[in-house]
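Me: Got a minute to walk through this model with me? I'd like to start with how the helices sit against each other.

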Amino acid sequence: MVSITVVATLICSASSAVAAAIGHQHQQHPQQQPLVAGVEPSNTLVAQPYAGHRIVRVPVGFGERTALESVLSSTRGIESILVWGTSHVDIQVDASVLPPSLLPPTAQTIVDNVQSLVDKEMDRLAVSQSRLLALGNDRFAPDNWFSEYHKYTDIVAWFKDLAAKHPDLVTFIPSIGKTYLKKDIIAIKLTSSVNKLTKPQFWFHSGDHAREWIGPATVQYFVHSLIADHASNPSLLDSAELIIVPLMNVDGYEHTWTGNRLWRKNRRPIKGDFFGSIGVDLNRNWPAHWGEGGSSNMPFSDTYMGPEAGSEPEVKALIEFFKNDNHTRLIGAIDLHSFSQLVLRPYGWTQKPAPDEPLLKKGGDGIRDAIKKASGKKYVSEREIDLYAASGTASDWFYDEEVQEWLPDRRLYAYTIELRPSADEVNGGEGFILPPEQIIPTGKEIYEAVKWYIEFAIDNVLWVKK
Ligand SMILES: [Zn+2]
C-alpha cells in the first residue's frame, strides 16, 4: 500500500509541473471559451473528449481518504474521482496533462482507453434509440422502456404519458424552475385520493450528477412499480405522498448524451476562472455547512463547491420547491446517486453524531436489508463522514438547520443512496456506464427498499421534543 505522503508528493509535484506549463494548457484546455449567459459553449462538444484518458486505481488506506481527496480534487490532470473502494480509489486521469510516470508506482491502470468505453455505449444507444423511436408510443411499455436509458426529452414525455394514463395517482409538474441553460426541471407527485391532505410526505430526487444515469432510471422504475401494484396493494399510496424530482441536473445530463459521458457537474461557466472552467458540483452546493470539507474551491475540480452556498439555479429551484407550503408533511427525503452500493446517512460534514443517530441508523440498515432480501446485493449502510467528508450535500441539508427551522417539530429521515455497481465489482471500469440490463434489477431492489423505508418512517417519525 502506498502512503498518503507518497501519493500527495507525487501528485502535488505533477501539479506544479503542470502549472509550469500553463501556457500550453491554456491553449489546449477544451473548456476555454468566452462566457455568454445561458448559452452552451459550442467548443465543449469535442468529438473525442476522453482521448488519452485512462482509469487508474490507487491503493489507499481508510484513514487516508479525506486527505487524499483534497489532493486529488485540486490536481489538474485528475479529471475525476470515480469511486472510493474499500482499499482503493479509482481516478480518471488525462494522461496528456498528468502522464502515468508522475503517478505513484502502485497505481494500476484498469481502463487504458476511456474513449473506447464511451464509444461502445454510444454505438449501442444509436441502435436502441432508433428501435425505440420506431415503436411510437409503444416505447413507453415497461418491457421496452426499461430496456434502455433515455434522453431528457424522452424522460419528460414518459412522465407526461404516465400522468395522462393515471390521473388519479400522478400529478405532473412541468417546471419547478429552470436550469442555467433554461431547461425545465420537472417534478411529479404520486399518491392516491385517500387522506390526500393529511398523509405524510416523502421527497426523492436524482440526477444531481449528470453521468449517473442509473439514478433517474431507478426513480422511473419504482414510480412505475408503485403505480402498477396500486390496484392489488393500495396501502402505500393511500398512506403516503411521494414528491419526486427525477432529474435535477438537466444541462449536465444532456451534455453526457453528446459524448461527454462522464460529465458530473452542471453547465454554468465559472466567471473569471483562468481555465474557463465550467460547472459546479450540485451535491456540494447546498446551504448545509457549505465549504466545510470534502469539496473543492477550484473551479476546474469535479467537486467544485461553487462561488457561494446555494449559488446554482438547479439547487435554488429544488430548495424553493422543497419548502413549498404544500410540503409541510414531509418526514423523509432521499437523494439517489451512483455508484458503489451505499446507504449514507447524515452527517457528511462533521464527526458529531446526528441527534437521531440510532433511528437514522436503523432506517439505513433497514434499507440495506430490504435490498439484500430483494436481490442478494450487498449495500453498505454508514454515516457519510465514515466514508469520506462531504459538505454542502442535499442529504445533510434535508436533515440540518435550514429544514429544521422550516419544520421545527421534526427532523427528516435523510439519506443518499449510491446505486449499482459496487466499487469492488466494477467490471472493466464500467461504473457509471452501467449496462441497461441492470436497470430493472436495480429498480426492483430499490422499489423494495422504498416501500420498507416509507413504512418505517411513518411508524417512527423523528419528532423533535420540545
Ligand atoms: Zn453522485
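**Helix packing and a few odd residues**

Reply: Sure, and keep in mind that this is a predicted model. To start with helix packing, α7 and α15 are oblique to each other, because the angle between them is about 60° and the oblique class covers what falls outside the parallel, antiparallel and perpendicular ranges. Their axes are 8 Å apart.

Me: Which residues do α7 and α15 cover?

Reply: Helix α7 spans residues 214-230, and α15 spans residues 439-459.

Me: And what's the handedness of the α7 and α15 crossing?

Reply: α7 passes α15 in a right-handed crossing.

Me: Which residues of α7 and α15 meet there?

Reply: From α7 you have I214, A217, T218, Y221, F222 and S225. Across from them, α15 brings I439, I440, T442, G443, I446, Y447 and V450. By type, the residues of this contact split into 9 nonpolar and 4 polar, with no charged ones.

Me: OK, what about α11 and α15, at what angle do they pack?

Reply: About 140°, and the axes are 8 Å apart. Helix α11 is residues 357-375. The pair is oblique, since an angle has to be over 145 degrees to count as roughly antiparallel. The crossing of α11 and α15 is right-handed.

Me: Which residues meet between α11 and α15?

Reply: On the α11 side they are G363, G366, I367, A370, I371, K373, A374 and S375. On the α15 side they are P441, K444, E445, E448, A449, W452, Y453, F456 and A457. That contact divides into 10 nonpolar, 3 polar and 4 charged residues.

Me: Let's zoom out. How many helices and strands are in the chain?

Reply: The protein chain has 15 helices and 14 strands. It runs to 466 residues, and 47% of them count as buried.

Me: And what share of the contacts joins residues at least 24 apart?

Reply: 75%, taken among contacts between residues at least 6 apart in sequence.

Me: Switching topic: what does UniProt list for "active site"?

Reply: The UniProt record, an unreviewed entry, lists E418 under that heading. In the model, E418 lies in strand β13.

Me: Is E418 buried or exposed?

Reply: Buried: E418 has 23 other C-beta atoms within 10 Å, and 20 or more is enough to count as buried.

Me: What does E418 touch, sequence neighbours aside?

Reply: Once you leave out residues up to four places away in sequence, E418 touches H337, S338, F339, S340, Q341 and L342.

Me: Q341 caught my eye. What's its phi?

Reply: Q341 has a positive phi of about 55°, though it is not a glycine. You'll find Q341 in the loop between β9 (330-340) and β10. Q341 counts as buried, with 22 C-beta neighbours inside 10 Å.

Me: Where does N195 sit, and what's its phi?

Reply: N195 is in the loop between β6 (187-190) and β7 (201-206). Its phi is positive as well, about 50°, and N195 is not a glycine either. N195 is partly exposed, with 13 other C-beta atoms within 10 Å.

Me: Now cis peptides. Which residues does the one with omega about -5° join?

Reply: That cis bond joins R420 and P421. P421 is in strand β13, residues 413-422. P421 is buried, with 23 other C-beta atoms within 10 Å.

Me: How far is P421 from L342?

Reply: They are 9.9 Å apart in space, C-alpha to C-alpha, and 79 residues apart in sequence. L342 also turned up among the residues that E418 touches.

Me: What about the peptide bond from P346 to Y347, cis or trans?

Reply: Cis, with omega near 0°. Y347 lies in the loop between β10 (342-345) and α11.

Me: Last one: where's F322?

Reply: F322 lies in helix α10, which covers residues 313-322. F322 is buried, with 21 other C-beta atoms within 10 Å.

Me: Which residues is F322 in contact with, leaving aside its close sequence neighbours?

Reply: F322 is in contact with W203 and H327, once neighbours within four places in sequence are set aside. The C-alpha atoms of F322 and I176 are separated by 9.7 Å, with their positions 146 residues apart along the chain.

Key: Residues are numbered from 1 along each chain as its sequence is written. This is a predicted model: local features need pLDDT of at least 70, side-chain atom pairs count only at pLDDT 80 or more; totals for chains, interfaces and linings use all residues. Axes are lines fitted to C-alpha atoms, for helices over the stretch in contact, and angles run from 0 to 180 degrees between N-to-C directions. Helices (H or I, at least four residues) and strands (E, at least two) are DSSP runs, numbered from the N terminus. Angles under 35 degrees count as roughly parallel, over 145 as roughly antiparallel, 65 to 115 as roughly perpendicular and the rest as oblique. A crossing is left-handed if the near helix is turned anticlockwise from the far one by less than a right angle, and right-handed if clockwise. Two residues are in contact if their C-beta atoms, placed from the backbone, lie within 7 Å. Ala, Val, Leu, Ile, Met, Phe, Trp, Tyr, Cys and Pro count as nonpolar, Asp, Glu, Lys and Arg as charged, and the others, Gly among them, as polar. A residue is buried if 20 or more other C-beta atoms lie within 10 Å of its own, exposed if 12 or fewer, and partly exposed in between; C-beta atoms are placed from the backbone. UniProt positions are given in the numbering used here, feature names are shortened, and annotations may be inferred rather than shown by experiment.
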